[in-house]
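Biologist: I'm new to this one. Could you show it to me and let me quiz you about the words you use?

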Amino acid sequence: MKTLNIIASAYRATVEEQDDPIVWICHAMKGAGAQVDVLLRGNAVNYAVRGQSAKGLAFGGWTQTQPPHLEHDIASLCNKGVAVHVMVDDVARRGLTGVPMVDGVRMVPGDALPALLAGYDRVWHW
Amino acid sequence: MTGKTTLTFALMDAPFESARSTTALRLLDIAAARGFDISVFAYEGAVMQTFALQRPHANTVHGRSAEEENHFLPKDAIAALFDAAKRHGGSLDWVNCGLCVDERGAGEAIAGVRRGTPADFWKMAEASHNTLVIPTRD
């Protein structure tokens, strides 16, 4: 069962979870043998941008030692054989055209979405 | 997969914060009334939906005692869904993401709920005719 996971809600609980919960569950399901791919759209296209850092969070004397590394988590998905698609239109809307992206992500224009989605048994819009 | 309709739902929202949660319960109620086999994977805050220590309270703004207020508690609605599914010849398999439970100290769930992992969600989805994810939104 080939499933495309569309991630649109960006930075949802990433500080608390130290990752994105949907990127994380894709890692976990892939590890369990699932055929999962990912499409980043909306604000979540920023997950594929290189050079992010969420370091330095501190509350009083408490310091976060393991901040989220979304760029790494996306690259790791690609390295596991998960196709990570990024909506070109949403990249352009956010002024990110030409910004370095994680190696391995696949840029997909909006008019190519119908064909892309048709290649999956299930599409889950998180 | 058998001929009987089997549906999987993934929920993410904590109770008392979003209409998505009660909408999900409405959908589950319809599926239960139709005798479907239903699987639910509660992810992140949704593990609190079945938290057994939910308690009703009085509401002075409403001018009602706890008994009069009869506060809606998701755990009670879900317990009723377990019964409804069984009564109509179907089933409800509710799995709470174990790590999400640990994060929240929400280990005390109502009867019928089991602890699981994303692998359970994948297995449920594979065994279902369709799957609906109802995620938390910004």
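Modeller: Here are a helix, a sheet and a chain contact, one by one. This is a predicted model, where local features need pLDDT of at least 70, side-chain atom pairs count only at pLDDT 80 or more, and totals for chains, interfaces and linings use all residues. Residues are numbered from 1 along each chain as its sequence is written, chains are lettered from A and ligands numbered from 1 in the order in which they are written, and side-chain values use heavy atoms, without hydrogens and water.

Biologist: What makes Asp20(A) and Ile22(A) a polar contact?

Modeller: A polar contact needs N or O atoms within 3.5 Å, one able to donate a hydrogen and the other to accept it; sequence neighbours count only if both atoms are side-chain atoms. Here a side-chain oxygen of Asp20(A) comes within 2.7 Å of the backbone nitrogen of Ile22(A), at the start of H2(A), so the pair fits.

Biologist: Why do S2 and S5 of chain A count as paired?

Modeller: Pairing takes at least two DSSP bridges between two strands. S2(A) and S5(A) have three, in the parallel sense, so they qualify. Leu40(A), for one, is bridged to Val86(A) in S5(A).

Biologist: And what makes S6 and S7 of chain A edge strands?

Modeller: The order in the open sheet is S6-S5-S2-S1-S7, and S6(A) and S7(A) each pair on one side only.

Biologist: How many salt bridges link chain B and chain A?

Modeller: Zero. That would take a side-chain nitrogen of Lys or Arg within 4 Å of a carboxyl oxygen of Asp or Glu. Eight residue pairs are in polar contact, though, both at pLDDT 80 or more.

Technical notes. Helix = DSSP H or I, 4+ residues; strand = E, 2+ residues; numbered from the N terminus.
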